Amino acid sequence: MTSNANTERLLDRIRTRQARIGVIGLGYVGLPLAVEFARQGFDVSGFDVDEFKTGEINAGRSYIPDVSPAELSEVVQAGRLRGTTQMADLAGMDVIDICVPTPLRKTKDPDLSYVVRAVEAVAATLKKGQLVILESTTYPGTTDEVVQPMLESRGFRADVDFFLAFSPERVDPGNQKFNTRNIPKVVGGVGSASTEAAALLYGSTVDTVVQVSSTRVAEMVKLLENTFRAVNIGMVNELALMCHKMDIDVWEVIDAAKTKPFGFMPFYPGPGLGGHCIPIDPFYLSWKARQSGFECRFIELAGHVNGAMPDYVVQLISEALNSVRKSVRGSRVHLFGMAYKPNVGDVRESPALDILELLTRHGAAVSYTDPYVASLAHGAETLRSVPADQALAESADCYVVCTNHDAFDYDAIVKGAGLIVDTRNALKKHTSPSIFRL
Ligand SMILES: NC(=O)c1ccc[n+]([C@@H]2O[C@H](COP(=O)([O-])OP(=O)(O)OC[C@H]3O[C@@H](n4cnc5c(N)ncnc54)[C@H](O)[C@@H]3O)[C@@H](O)[C@H]2O)c1
């Protein structure tokens, strides 16, 4: 088949919804995407190394809060979505979307091992005319420097025999307004045929597709977005520490500043960064920039300020306890919220885990309530979420709001707790000398 014929056949199969789509990695990103493709009429296979996940999908049970069980079972029962651990089945796909994790190593260097393993599986069965898209967040150059050579080692040429693009995932778990469908999708291919094919694919599923000139631009877009958040959160966290010293209420300052209708966007201080994106992605960029002899000072500084916030919260807890002549050592401290952000159960990189760890190291006995996190591994122990009313009845020495879940009854917390440290301004309606705010 000529390269033109490869392109036309793929475009035609996408247009007519005959294209078979494989999504590798069925987590927070991959599962919603797979369900959305299936809802649009495509035949979708979800590939994961985790048998539990593929089993749950085949049973029509969702383990991702953003995917409703009804939506999932509808497409599974209609035979348009199935989960599998059989990577050899990738051979039968027209499109392969890679959504595997991209964590950091302990040294804060990128860990591309999941991407490499997934691409090895794709390369093993690569066929002419397949479109491969990387969605995992990564440094600029990953697609053309790492993925492309691995796939071309099969003797095929990218953008001619097969198609290759990068399209960053922008999903915001728990966001009620923006979802896979209405978040614009940025797409950049290794050549124009790849960009065109990937744009056509996403155009069938999301409302707006934004084409860019290369995979590197598409990779950098995502890192700009997340670095923008990390740096601004770092700036406002520093402002919070400054305001504390100057006896100014940082929350009141932000609320008033955000009345400016242009040129200002509010960011809020908190106990530190969490989740799989903001604390990690900027370090992918600074690592790559360092390879080109460039030091990203903003990223390093923001990482430093944000990374120190859990220590600052522990300092506040210590000040609060001190005000009633108690020390952290020997006190019972109860945390409200372990997830990294409100209304989700994701504890990856959550600053509440650091606070738990620091308090334990300082000799406090720590318990927690989180309606989304039933249990937590903590050293050799497993901690279990204590119902809020029970936690308040047990009169801990200090209560800490780490995550402002909507499900918490803040009036009851204020009424039932003696000392409270509020890291999220969740108790803004309440004034009391026993509330210590960030
Ligand atoms: N979670 C978010 O909010 C979010 C938002 C935007 C971008 N991202 C990016 O998307 C990517 C995926 O993140 P996530 O949150 O969905 O991760 P996740 O951990 O929830 O899911 C990843 C899945 O990939 C599977 N997996 C790992 N290696 C595999 C392999 N070789 N073959 C098949 N499956 C494999 C894992 O078992 C897991 O189910 C990351 O690069 C992340 O930075 C995440």
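Start by selecting Val-29 and the ligand: a backbone N or O atom of Val-29 sits 2.9 Å from one of the ligand's oxygen atoms. Keep in mind as you click around that this is a predicted model.

**Stop 1: around the ligand**

Stay with the ligand and add Thr-137 to your selection. Here a polar backbone atom of Thr-137 is 3.0 Å from a ligand oxygen. Then pick Val-100, where a backbone N or O atom lies 3.5 Å from an oxygen atom of the ligand. Now widen the view to the 28 residues around the ligand. Which of them come nearest? Select Val-29, Asp-48, Lys-53, Thr-102 and Thr-137 to see them.

**Stop 2: the second largest pocket**

Next, select Leu-104, Lys-108, Pro-279, Phe-283 and Glu-349. Of the 21 residues lining the second largest pocket, these lie nearest its centre. Two elements give two or more residues to that lining: helix H10 (281-291) and helix H11 (297-307). Colour both helices, and look longest at H11, since H11 gives the most to the lining, with 5 residues. The space in this pocket is about 510 Å³. If you colour the lining by class, you should get 12 nonpolar, 4 polar and 5 charged residues.

**Stop 3: the cavities**

How many cavities of 30 Å³ or more are there? The count comes to 2. For the largest cavity, select Glu-169, Arg-170, Val-171, Thr-180, Ile-183, Pro-184, Lys-185 and Val-206, which line it. The volume of this largest cavity is about 50 Å³. Its lining is made up of 4 nonpolar, 1 polar and 3 charged residues.

For the second largest cavity, clear that and pick Tyr-28, Pro-65, Asp-66, Pro-173, Gly-174 and Val-344, the residues lining it. This second largest cavity holds about 30 Å³ of space. Sorted by class, its lining has 4 nonpolar residues, 1 polar and 1 charged.

**Stop 4: helix H7**

Now select residues 192-203, which form helix H7. From the first C-alpha to the last, the 12 residues of H7 reach 16 Å, close to the 16 Å expected at 1.5 Å a residue. Show the side chains next. Which residues of H7 are buried? They are Ala-193, Ser-194, Thr-195, Ala-197, Ala-198, Ala-199, Leu-201 and Tyr-202.

**Stop 5: Asp-161**

Go to the loop between helix H6 (142-152) and strand S6 (163-166), and select Asp-161 there. Is Asp-161 buried or exposed? Its relative accessibility is 6%, so Asp-161 counts as buried, the cut-off for buried being under 20%. Add Arg-157 to the selection and draw a distance: a polar atom of the Asp-161 side chain is 2.7 Å from the backbone nitrogen of Arg-157.

**Stop 6: Leu-241**

For the last stop, select Leu-241, which you'll find in helix H8 (residues 215-246). Why does Leu-241 count as partly exposed? Its relative accessible area is 30%, and partly exposed covers what falls between the under 20% of buried and the over 50% of exposed. Before you leave, add Ile-24 and draw a line between the two C-alpha atoms. Leu-241 and Ile-24 are 217 residues apart along the chain, and their C-alpha atoms are separated by 43 Å.

Notes. Residues numbered from 1 in each chain as written. Predicted model: local features only at pLDDT ≥ 70, side-chain atom pairs only at ≥ 80, totals over all residues. Heavy atoms only, no water. 1 Å grid on protein atoms, 1.4 Å probe; cavity = no way out; pocket = protein on both sides within 12 Å on 5 of 7 lines; lining within 4 Å. Points joined across faces, edges and corners; volume = space filled by probe spheres on them. Nonpolar A, V, L, I, M, F, W, Y, C, P; charged D, E, K, R; others polar. Helix = DSSP H or I, 4+ residues; strand = E, 2+ residues; numbered from the N terminus. Expected span 1.5 Å × (residues − 1). Buried < 20%, exposed > 50% of the residue type's maximum accessible area, 1.4 Å probe, protein only. Near = heavy atom within 4 Å. Polar contact = N/O pair within 3.5 Å; in protein donor to acceptor, adjacent residues only side chain to side chain.
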